[in-house]
Structures are given as structure tokens and as C-alpha cells.
Amino acid sequence: AIYGEIGRVFSKIHKVKLDSSFYGFGVFFKNTKDGFYNWHSFILSIHDYIDSIKFLFKNGTINFEQKEIILSLEEMIINHHFSKVLNHGDLGPDHIFLENNNVVGVIDPGNSFAGPAEYDLAYFAVYVNEYQFKYALDEYDEVLNIEYIYIYMIVISVHKAAEAQKIFNYEKAEYFIVVINNIVRKISTLLEIKKQCIKIN
């Protein structure tokens, strides 16, 4: 019930359309001096997932096949066409207040920005298990592309895993490596299905 309510909270946040915006923390209007005109540039600025995945590969944390799959996702991010909506940007379980098993508040919107709803949900998804996330999605009433949720989960996780390894926080790094492994398998399956569909057509 709690995770279903969180899904409804995400729906409310993402109903705030920001079509005139460009990208950056707290950047919502074109007359703002700071920010990015390009979504991919903004993502690279906050996650630097390309260098992060190369770091993880160099340190033997991931294998060559995983590296190639993850790097191949860059083109999909560049070509992601979406409606710009308000993203909380940092909505994990630690930023949600509960009272009597009801969500009564959401804190820390300092990292809010315009972007795709899939990114915001991906950020939440890396901190909960698959079943908890499914409960949230069941109550989410906007249109989503699940494939892009997976892609952004990888982008977020490779950066967090690399940063954790750099400060020798191996427990935290391992948590995100497990997320990466699970999602890479899902992505691989989706890519294989796409190949089969292209062959049939």
C-alpha cells in the first residue's frame, strides 16, 4: 500500500509539465543563465556514466560484454524524445515521510529539474527491490517507456558504483553492481527481442 501511494506521488509530480524548460538543477525557464540545452549533456554532467563504466571495467568489476552493452545505450539516451516534466531528482525511500503507513510528505527537492519521468522513476527504482517498484508502477497513471527506466537505472548505478569504489566503500559498490547485473540482463533480453522483430519484418 505504501509503495502504491508512492507511485501516486510520482504521478502528481510528473503532471507538472515544463515544456519551455531546459536542463539543470533548479533550472526551469529559458531565461535562466545556467543550464544545458541538451538532455544527454546534463546526464553526463551529473553521472559521467561513460567514464564510470570504463573505470568499473578497468578494475575488473564488470566484464567486456557488460561494458559494450552499457556503452551502446548512449545512442538511445541521445535519441530519447520525451515530454519534459518536473523531476524530483532525488526521491529515494530516505526522502519520504510516513505516518501510520501513509505518505505524509516528500523532502529535499533541491535537485529538481525538467526531464523525462522515466529518469525520476529509475532513480527511485535503484533503491528498492523489484516487487516494491512494481507496486509503485501499478499506481502510476502516466504513460511510461519501461526500457528507458532500465537504461537510466544503469546510468545511475554505474556512476554510484564507481564513486563508491573510489572511496573504498565496497559494500555500497556491490549493492549497485547487483543492480547493474540485473538490469543488464533485462536490457540484453529486450535488445534480443528487438533483433528478432527486425528479422521477422
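Start by selecting K186 and showing whatever touches it. Leaving aside neighbours within four places in sequence, K186 is in contact with E130 and Y150. Keep in mind as you click around that this is a predicted model. K186 is found in helix α9, which covers residues 170–200. Is K186 buried, partly exposed or exposed? With a relative accessibility of 26%, K186 counts as partly exposed, because buried means under 20% and exposed means over 50%. While you're here, add E75 to the selection and draw a distance: the C-alpha atoms of K186 and E75 are separated by 18 Å, and the two residues sit 111 residues apart along the chain.

**Next stop: Q66**

Now pick Q66, which is found in helix α4 (residues 64–72). Q66 has a relative accessible area of 13%, so Q66 is buried. Which residues does Q66 touch, leaving aside its neighbours within four places in sequence? Show N181 and V184, because those are the contacts of Q66.

**Helix α6, a covered helix**

Select residues 117–125, which make up helix α6. Colour α6 by accessibility and you'll find that nine of its nine residues are buried, so α6 is mostly covered. The buried residues are A117, E118, Y119, D120, L121, A122, Y123, F124 and A125.

So what lies against α6? A quick word on how to look at the next two views: two packed helices are described by the angle between their axes and the distance between the axes.

First add helix α1, residues 2–14. The axes of α1 and α6 come within 11 Å and cross at roughly 150°. That makes α1 roughly antiparallel to α6, because angles over 145 degrees count that way. The crossing of these two helices, α1 and α6, is right-handed. For the side chains, show Y3, I6, F10, I13 and H14 in α1, which meet A117, D120, L121 and F124 in α6. By class, the contact of α1 with α6 has seven nonpolar residues, one polar and one charged.

Hide α1 and bring up helix α8, residues 146–166. Here the axes of α6 and α8 come within 8 Å and cross at roughly 55°. That makes α6 oblique to α8. α6 passes α8 in a crossing that is right-handed. On the α6 side, select E118, Y119, L121, A122, Y123 and A125; on the α8 side, select Y148, I149, Y152, M153, I156 and K160. How many nonpolar, polar and charged residues does the contact of α6 with α8 have? By class there are ten nonpolar, no polar and two charged residues.

**Aromatic rings**

Switch to showing the rings of the aromatic side chains. The structure holds 23 aromatic pairs; let's visit two of them. A pair of aromatic rings is described by the distance of the centres and the angle of the planes.

Zoom to W39 and F113, a tilted aromatic pair with 6.2 Å centre to centre and 40° between the planes. This pair links distant parts of the chain: W39 is in helix α2 (residues 39–47) and F113 in strand β4 (residues 113–115), 74 residues apart. Both W39 and F113 are buried.

Then go to Y123 and Y127, which also form a tilted pair, at 5.7 Å centre to centre with 50° between the planes. Y123 counts as buried, at 9% relative accessibility, whereas Y127 is partly exposed, with a relative accessible area of 32%.

**Helices α2 and α3**

Go back to α2 and add helix α3, residues 49–58. Their axes come within 7 Å and cross at roughly 45°, so α2 and α3 are oblique to each other. To see the contact, show H40, I43, L44 and H47 of α2 with Y49, I50 and S52 of α3. By class, the residues of this contact of α2 with α3 divide into four nonpolar, three polar and no charged.

Now click on D48, in the loop between α2 and α3. What is the phi of D48? It is positive, about 45°, although D48 is not a glycine. D48 counts as partly exposed, at 32% relative accessibility.

**Last stop: N100**

Finish in the loop between β2 (96–99) and β3 (102–106), where you'll find N100. N100 has a positive phi of about 55°, although N100 is not a glycine. Turn on the surface here: at 68% relative accessibility, N100 counts as exposed.

Notes:
Residues numbered from 1 in each chain as written. Predicted model: local features only at pLDDT ≥ 70, side-chain atom pairs only at ≥ 80, totals over all residues. Heavy atoms only, no water. Axes fitted to C-alpha atoms, helices over the stretch in contact; angles between N-to-C directions. Helix = DSSP H or I, 4+ residues; strand = E, 2+ residues; numbered from the N terminus. Parallel < 35°, antiparallel > 145°, perpendicular 65-115°, else oblique. Left-handed = near helix turned anticlockwise from the far one by under 90°. Contact = heavy atoms within 4.5 Å. Nonpolar A, V, L, I, M, F, W, Y, C, P; charged D, E, K, R; others polar. Phe/Tyr/Trp six-rings, centres within 6.5 Å; stacked < 30°, edge-to-face > 60°. Buried < 20%, exposed > 50% of the residue type's maximum accessible area, 1.4 Å probe, protein only.
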